[in-house]
Amino acid sequence: MNPQVAKFVKEAQFSSPLRRYFFPRYAYNFTPPQLSYLCQCIEATRYVEGSIAEVGCFDGSATVFLNKYMDAQGITKDYFAVDTFCGFVAEDIRVEVDERGKSRDMFKGFQSNKKRWFDGTMKQNGITRVRSIQADVNQFDLTTLGPLSFCLLDVDLYRPIKKSLHELYDVLLPGGIIVVDDCDASVARWDGADQAYKEFMQDRGEPICIVHSKLGKIVKPS
Ligand SMILES: C[S@@+](CC[C@H](N)C(=O)[O-])C[C@H]1O[C@@H](n2cnc3c(N)ncnc32)[C@H](O)[C@@H]1O
C-alpha cells in the first residue's frame, strides 16, 4: 500500500472508537515475570520426555507466547491446548454459586471464542505443533494427553481444577512440572483455583509453593 494511504488509514483507525483493536495492547493474562516463569518451567523440563499441555487456553495468547519461546529455544515437544472454546460450563458455575457463595455474574467471561479462531491464530503465527482439543475437562480423560513434562492448568474454577489435577499428575513424568494459575485467595472470582491447588498439595503432604503471587507449582519428584 502507498505509504501516504497507509498513514491515512492508520490515522482513521487511531481516531475511531475501535482504536484498541488496531493498536498494540497487552494481550496476556500473565505479567511479564509470570510469563518469564512459565518459560523457565519449560526450560527446566526440557530434558523430561513427554508433551506440554495448556488446559484452558482461551484465545491462544499464552499459547503463542510459549510456543514462540519453544521455537526460539529449539524445543520440539508436542503441545496440547484444551478448552471448551465457549467459556465455563454450567455445573462448574453451579458449584461456585451454590457451594462456594459466588455471584453467577462473575462467570460470564471467555464465551466469545471458537476453536476455529484459536486454530487460525496458531496458523497466523506460524505455529504448527499445537493440537487443540475442544472438551469440557470434567468429561475428558486428561490422562490421554500423557506422558507430560509440563502443564499449565488454567481453567479458573474449583471443580474442573480439582478433577484435572489428579489426572494430569498421574501422567506427569518424574521431574515434570504443573503450574496452576490463579492461586490467589484474595481474588474472590478465582479463589477456587487456590482452594483446589492447596487441597491437592495437602492431600499429598507437599508444601504449598505459590510463585509470582498466583502460580501454584507442583513438581513430580525424580
Ligand atoms: C483464563 S482463561 C485461559 C487463558 C489462557 N491460558 C491464556 O493465558 O491465554 C480460562 C479458560 O478456561 C476455559 N474453561 C473453563 N472451564 C472449563 C472446562 N470445564 N473445560 C474446559 N475449559 C474450560 C474457559 O473457556 C477459558 O477459555
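**Two helices, a sheet and a ligand shell**

Let me begin with a pair of helices: α3 and α4 are oblique to each other, because an angle that falls outside the ranges for roughly parallel, roughly antiparallel and roughly perpendicular counts as oblique. Please keep in mind throughout that what we are looking at is a predicted model.

To put numbers on that pair, helix α3 covers residues 32-44 and helix α4 covers residues 61-73, and the two pack at an angle of about 45°, with their axes 10 Å apart. If you follow α3 as it passes α4, the crossing is right-handed. On the α3 side the contact is made by L35, L38, C39, I42 and E43, while α4 contributes F65, L66, Y69, M70 and Q73. Sorted by class, the residues of this contact are eight nonpolar, one polar and one charged.

Now let us turn to the sheet, which is open, has seven strands in the order β3-β2-β1-β4-β5-β7-β6, and shows mixed pairing. Its edge strands are β3, at 130-134, and β6, at 210-211, each of which pairs on one side only. Strand β2, residues 79-83, runs parallel to its partner β3, and the two are joined over five bridges; within this pairing, A81 has S132 of β3 as its bridge partner.

Finally, the ligand: which residues come nearest to it? Of the 21 residues around the ligand, those are G56, F58, A62, F110 and D154. Taken by class, the shell around the ligand is made up of nine nonpolar, six polar and six charged residues.

Note on methods: Residues numbered from 1 in each chain as written. Predicted model: local features only at pLDDT ≥ 70, side-chain atom pairs only at ≥ 80, totals over all residues. Near = placed C-beta within 6 Å. Nonpolar A, V, L, I, M, F, W, Y, C, P; charged D, E, K, R; others polar. Axes fitted to C-alpha atoms, helices over the stretch in contact; angles between N-to-C directions. Helix = DSSP H or I, 4+ residues; strand = E, 2+ residues; numbered from the N terminus. Parallel < 35°, antiparallel > 145°, perpendicular 65-115°, else oblique. Left-handed = near helix turned anticlockwise from the far one by under 90°. Contact = placed C-beta atoms within 7 Å. Pairing = 2+ DSSP bridges.
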